[in-house]
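Open the model in your viewer and get your selection tool ready. We will go from stop to stop, with a short note on what to select at each one.

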Amino acid sequence: MSQRVLEVTDLKKHFPIRGGLFGSTIGYVYAVDGVSFHIDKGETLSLVGESGCGKSTVGKAVLRLFPLTSGQVVLNGQRIDDMSAGALRPLRRQIQVVFQDPFSSLNPRMKVRDILAEPIRNFGLARSEAEVDEKVGSLMDKVRLPRDAVNRWPHEFSGGQRQRICIARALAAEPDVIVCDEAVSALDVSVKAQIVNLLQDLQSELGLAMLFISHDLAIVEHMTHRVAVMYLGQIVEVAERRALFGAPRHPYTEALLSAVPIPEPGAARERIVLQGDVPSPIKPPPGCRFHTRCPYSMERCRKEAPRLRDDGTGHLAACHLHDLPAAENPLLNKAPPTAFRAA
Ligand SMILES: Nc1ncnc2c1ncn2[C@@H]1O[C@H](COP(=O)(O)OP(=O)(O)O)[C@@H](O)[C@H]1O
Ligand SMILES: [Mg+2]
């Protein structure tokens with residue numbers, strides 16, 4: 001049986017908005033509003049969606065970088081959502097993060113060796129300094145950097161190399177889960193592909209569970225096992241990569257996919273341009289949150305929020321269209337977005 005490493009249930013994070021004369025709470029940003037998902041050992045789940053939909057907040061919540069509004073987070077069978085900082089400290093080893101900006105996330109006054117040695121020492125993962133050295137060397141091998149580069153400073157490296165150091169630092173803790181929050185978004189196109197490949201290799205070599213957060217569906221397509229699509233603080237669709245890219249079951253996913261560039265020049269595809277802006281997470285629309293921009297919006301969508309439902313194959317979507325007879329469901333009566341995706 002697959003081993004569940006991370007399980008998140010009905011996670012909510014509402015940021016209070018302070019205002020008024022005495023700094024009282026005048027409202028909330030509903031950044032994450034009822035999100036559930038799980039990741040197994042050796043599996044990559046990608047969390048995608050437009051900027052501001054709550055992806056980073058989900059990442060920070062599972063890393064317990066702030067208290068949650070409500071919901072459960074279970075890491076390796078242990079609930080961490082309600083744990084004190086003290087109880088959490090030894091468990092922090094199990095879940096590590098790689099952020100977007102490799103320039104600000106490395107201490108400029110520490111040599112690479114010390115950057116990598118710190119988590120090894122902090123979590124008591126070596127019995128001697130010789131073992132620390134050996135582990136640091138092997139981390140450099142893992143991220144394909146020369147071992148003698150450990151004596152250099154972060155500013156001596158390129159953006160892609162620094163991101164390799166950030167990955168090595170995350171691996172130094174010997175985690176079970178890695179959260180990558182837009183980890184390649186700031187890199188040049190060619191470097192991006194190298195780092196994505198490295199992450200993918202490491203993930204399968206080490207049997208890591210990975211939460212890969214990205215606004216860029218084109219990147220996700222080549223490296224993920226499953227995809228969860230977020231819109232305004234909620235997950236609207238979750239599926240295996242091929243099922244999601246080949247036959248999306250939510251109009252928002254369909255629109256996102258239609259905007260992904262097609263590598264083959266001849267393959268035409270209808271581009272769906274969503275109307276209007278993303279509504280404010282301070283006052284999300286009633287009913288289905290996507291109804292204000294949905295090309296298929298019906299009366300019911302304005303009143304009733306659709307639940308995330310399984311189609312029987314493990315493909316989950318939150319959309320009332322699936323209650324229509326199949327012949328009337330516009331999502332089911334289309335050719336797959338492109339031929340190559342089914343390959
Ligand atoms: N610390 C915070 N205080 C108040 N609002 C926040 C805070 N962090 C994020 N938000 C808001 O929560 C929403 C989701 O943000 P975020 O999780 O960063 O989205 P994403 O990573 O998908 O771009 C946004 O509207 C953002 O402005
Ligand atoms: Mg973000």
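## First stop: the largest pocket

The largest pocket holds about 350 Å³ of space. To see it, select R92, I95, Q96, V97 and F123, which are the closest to its centre among the 14 residues that line it. A pocket here is an open set of points on a 1 Å grid over the protein atoms alone, with protein on both sides within 12 Å along at least five of seven lines, whereas a cavity is a set of points where a 1.4 Å probe fits but cannot get out; lining residues have an atom within 4 Å of a point. Grid points are joined across faces, edges and corners, and a volume is the space filled by probe spheres set on the points.

Before going on, please note that this is a predicted model, in which local features need pLDDT of at least 70 and side-chain atom pairs count only at pLDDT 80 or more, while totals for chains, interfaces and linings use all residues. Residues are numbered from 1 along each chain as its sequence is written, chains are lettered from A and ligands numbered from 1 in the order in which they are written, and side-chain values use heavy atoms, with hydrogens and water left out.

Now colour the pocket lining by element. β6 (95-98), α3 (112-122) and α5 (159-172) each supply at least two lining residues, and α3 gives the largest share, four residues. Helices (H or I, at least four residues) and strands (E, at least two) are DSSP runs, numbered from the N terminus. By class, the lining has nine nonpolar, two polar and three charged residues; Ala, Val, Leu, Ile, Met, Phe, Trp, Tyr, Cys and Pro count as nonpolar, Asp, Glu, Lys and Arg as charged, and the others, Gly among them, as polar.

While you are at α3, pick R113, which lies in this helix. Is R113 buried or exposed? R113 has a relative accessible area of 18% and is buried (buried means under 20% relative accessible area, exposed over 50%, partly exposed in between, with a 1.4 Å probe and protein chains only). Leaving aside residues up to four places away in sequence, R113 touches R121, E129, V132, D133, V136 and V150, where contact means heavy atoms within 4.5 Å.

## Second stop: the eight-stranded sheet

Select the strands in the order β6-β7-β8-β3-β9-β10-β12-β11: these eight form an open sheet with mixed pairing. Its edge strands are β6 and β11 (309-310), each pairing on one side only. Two strands pair if DSSP finds at least two bridges between them.

Zoom in on β7 (residues 177-181) and β8 (residues 209-214), which run parallel and are joined by five bridges. I178 has M210 in β8 as its bridge partner. Next, show α5, which lies across β6 and β7 and runs at about 175° to β6; axes are lines fitted to C-alpha atoms, for helices over the stretch in contact, and angles run from 0 to 180 degrees between N-to-C directions.

In strand β3 (residues 44-48), choose T44. T44 counts as buried at 1% relative accessibility. Its contacts, not counting residues up to four places away in sequence, include M210, F212 and H225.

## Third stop: helix α9 and the largest cavity

Select residues 251-258, helix α9: eight of its eight residues are buried, so the helix is largely enclosed by the rest of the structure. Those buried residues pack against α7 (217-220), β9 (226-231), β10 (234-240) and α8 (241-246).

Then turn on cavities: the whole structure has three of 30 Å³ or more. The largest cavity contains about 90 Å³ of space. Of its 14 lining residues, P251, C288, C294, C301 and C319 are the closest to its centre. Its lining comprises ten nonpolar, four polar and no charged residues.

## Last stop: the four-stranded sheet

Four strands in the order β2-β1-β4-β5 make an open, antiparallel sheet. Here β2 and β5 (78-79) stand at the edges with a single partner strand each, so one side of each lacks a neighbour in the sheet.

Follow β1 (residues 4-19) and β2 (residues 24-40), antiparallel strands joined by 13 bridges. L11 stands opposite V35 in β2. In their hairpin, with four residues between the strands, click on G20, which takes a positive phi near 70°. β1 also pairs antiparallel with β4 (residues 70-75) over five bridges, and L6 has L75 in β4 as its bridge partner.

Keep L75 selected: L75 also helps to line the second largest cavity, together with residues including V62, L88 and I95. That cavity holds about 40 Å³ of space.
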